Amino acid sequence: MNQTPFAYAPAPESVRPVLKPAYGLFIGGKFVEPRSGKSFKTINPATEESIAMVADAGAEDVARAVAAARKALPAWSKTKPAERAKLLFRVARRIQERSRELAVLESMNGGKPIRESRDEDLPLVAQHFFHHAGWCDKLMYAFAGATAHPIGVCGQIIPWNFPLMMAAWKLAPALACGNTCVLKPAETTPLTALMLGEILQECGLPDGVVNIVTGGPDAGRAITALAGRGVDKIAFTGSTEVGKAIAKSVAGTGTKLTLELGGKSPNIVFADAALDQAVEGVVSGIWFNQGHVCCAGSRLFLEESIHDDFIERLKARMKMLRVGDPLDKNTDVGAINSKSQLEVINRFVSAGSAEGAQKFEVSCDLPKKGFWCRPALFTGVQPSHTIAREEIFGPVLSVMTFRTPEEAVQRANNTTYGLSAGVWTEKAARALEMSNRLSAGVVWLNTFNRFDATAPFGGYRESGFGREGGRQGLMSYVKLANAKKKTGGKR
Amino acid sequence: MTAARIEVAKTLKLYMNGGFPRSESGRTIPIKDAKGRVVAHASHASRKDLRDAVEAAHAAQIKWAAATAYNRGQVIYRIAEMLEARRSELVSLICSIEGRTKADAAREVDHAIDRTVCFAGWTDKIAAVLGGKQPVAGPYFVFTMPEATGTVAVVVPDCTPLLSLISLVLPVISAGNAAIVIAPMTNAPLALAVGEALATSDVPAGVVNILTGPRTELCPWIASHRDIAAISGAFLAQADAKSLEIGCAENLKRVHMHHDAPDFDDDAFWHSPFAIAPFVELKTVWHPSAL
């Protein structure tokens, strides 16, 4: 791909994680064979090569994991909080120690560029454990006037876009508050979670406090099926469609639920923005992690007067994006996570063109094997177009315009989602006013896709409810002593 | 017949700006163990040593406060790791100086280490607990956030030598302040062992400085030094407490004094954000939220 003397030479990451050929389920502190007797191949989406065999948990396996979590609950929930803290601090330190290995594995199994897994995912994973370790003995200051008790056994179902980060976002607060967990990683990205299981053992976390069951949608359904019958809390991150199905299946069981779902987040650029900075923000907003980001800034709203200028700058910047080997340290856009997701994205791209929007895509060579998608943007998008309304979860940007702040707010909020929003303007008062008026759980002003363990993340409306991170995120994992009596399903 | 081995005795110095200088005064004071035997000689810090320490602390504090709270938390956690590694040394020093049982000393050391871990967890939470957004009655975006006060002199009492030092110093540094610790001369070997733990942790040079010296001599200089922004003290002689409190009149130093014998075993207070609160300034920021 070296067409010019200034092209980047390949800079492949050399570390290779030590992997077992096959992984069992992590239940009760041990890797055990699945009683389902089934396993599946987990692949590298950039090469389609098999990395390892992974157990496919059946309902019996899930029940076993829930039973292990139940068994571990009394001792763990009564462990002195400061002692729990020390264990979680250890986990954070061990993750930092093994972060290179974990980052490489994350990129191998999920397709994301090593630069992102190394510089974004892993630091956040460690920070999440570190931050929540510190909360263990400080819950009385998080909930003034109430006493925080653990909820119990948490069933946690996570997606494939930030596999280890999502595991950390789910496990760390749950454990800090004294709960025990059954975690189900996504079907396509189970490996870093399993390595995390090894780390938890190394750090001396008591058996059964965290159980990890790998598998497909059936394993997830087996967890939600136990809501109210051993599982006291369900936390799910994934699509709005599946989130709604989960809400339906746990209805009436008295199970506490938090959902972090899809989005169609607006990124709004005013004419008075620092345009080059805004271009960078738009690029990271939609092409970070191949656009496999629930809060991706997938709808770009440009103030009409700057449309042509901005699109020109954006296209010039897009041409610089390096698409290819996720393990190359210079790669900006890696592999699409799975064949099925690639098909979904391609369907949306076809719909965009068919409905009359104008497509521009980066003309780069794509590797022969693996799942790849060229970064693309559509101009001339109408609010009624499919690509303006539905979550694509891929590297595809829909561009629209506005004339007044009023119109920007109205169009930005014209969605059933409400996860994030971005605003670009050099006028701070305008930025803050917009942040007040946008219906979104996270608003980024002159930046985008920022995450931190101290900053709560979560959605409005059909992007879900509950927050992850910070003091407010703890609320998802505690039962407050002055809370009203729960109905049904509980001891 | 084997001759008894001659032990290598440790020269006790000060801990200042990341290094271990002797007192510029050249003075030392003999340190006796519980049985009255002289076991070491402690550096007797002078006014000049204090001023040097303030200079180092002042420079270090600016960077320390500018570090992310997460980074400060990790550094403080590293202190706990280093203290844990020196656990047996700390226990035997307490036994030797105070004549206490090993089990009793171990309890104090463990408590001090666990308290350090607790404060490692406070750095990135104190703003969420002490600060917040203010719902003012107008189109303004207003938030209040805690910031470090600056360089804080920490005057450590004689009781529970390790736990008192840790309990007074950790709240100060976790908020982003720098500390100048005045440790009792009698406990100099222990204070310096803490200094050695700090020097081998990732605490930037100058963030904690430990001087051993007579409080009565140093307190007036602390009170009158204008680059010291706050004072933390506990269970001091009436005269020392008063001479420190006069510092408030000098440059409005925040003097935070526990007059009665503090119960350093009380986690409810010593692990709370209210142990940190006296050493932060609250800054309220206003910005219009409408054009």
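Leu314(A) is buried, with 25 other C-beta atoms within 10 Å. The cut-off for a buried residue is 20 or more such atoms, so Leu314(A) qualifies. This residue belongs to helix α11 of chain A, which covers residues 307-318. Leaving aside neighbours within four places in sequence, Leu314(A) is in contact with Val279(A), Val282(A) and Leu377(A). Glu407(A) lies 93 residues from Leu314(A) in sequence, and their C-alpha atoms are 23 Å apart in space.

The model described here is predicted. In chain A the average pLDDT is 96, and 97% of the residues score at least 70. Over residues 483-491 of chain A, pLDDT stays under 50. For that stretch the model has twelve contacts beyond four places in sequence.

**Domains of chain A**

The domain assignment divides chain A into domain 1, made of 22-261 + 460-480, and domain 2, made of 266-445. Taken over C-alpha atoms, the centres of domain 1 of chain A and domain 2 of chain A are separated by 30 Å. Contact between them involves 22 residues of domain 1 of chain A and 29 residues of domain 2 of chain A. On the domain 1 side of this contact, α3 (99-110) and α4 (114-135) of chain A each supply at least two residues. The most comes from α3(A), with four residues.

**The contact with chain B**

Chain A also touches chain B: 23 residues of chain A are in contact with 23 residues of chain B. On the chain A side, the elements giving two or more residues are α2 (81-97), α4, α15 (428-437) and α16 (470-474) of chain A.

The table lists the residue classes for the two sides described.

| Side | Nonpolar | Polar | Charged |
|---|---|---|---|
| Domain 1 of chain A, touching domain 2 of chain A | eight residues | seven residues | seven residues |
| Chain A, touching chain B | ten residues | six residues | seven residues |

**Helix α9 of chain A**

Which residues of helix α9 of chain A are buried? In this helix, residues 240-250, they are Thr240(A), Val242(A), Gly243(A), Ile246(A) and Val250(A). These residues are on the same side of α9(A) because they cover an arc of only 160 degrees around the axis. The face turned away from that buried side carries the exposed residues Glu241(A) and Lys248(A). The cover over the buried residues of α9(A) includes two strands named β10 (233-237) and β11 (256-260), along with α8 (217-225) and β19 (464-465), in chain A. After α9(A) comes Gly252(A), which has a positive phi, near 85 degrees.

**A sheet of three strands**

Chain A has an open sheet of three strands in the order β1-β5-β4, with mixed pairing. At its edges stand β1 (22-23) and β4 (39-44) of chain A. Why is one side of each left without a neighbour in the sheet? Each has a single partner strand, so there is no strand on its other side in the sheet. Strands of a sheet pair through backbone hydrogen bonds, either parallel or antiparallel. In this sheet, β1(A) and β5 (residues 49-55) of chain A run parallel and are joined by two bridges. Ala22(A) stands opposite Met53(A), a residue in β5(A).

Conventions
Residues numbered from 1 in each chain as written. Chains lettered and ligands numbered in written order. Predicted model: local features only at pLDDT ≥ 70, side-chain atom pairs only at ≥ 80, totals over all residues. Domains from an automatic or database assignment. Contact = placed C-beta atoms within 7 Å. Nonpolar A, V, L, I, M, F, W, Y, C, P; charged D, E, K, R; others polar. Buried ≥ 20, exposed ≤ 12 C-beta atoms within 10 Å, placed from the backbone. Arc of directions from axis to C-beta. pLDDT = per-residue confidence, 0-100. Pairing = 2+ DSSP bridges.
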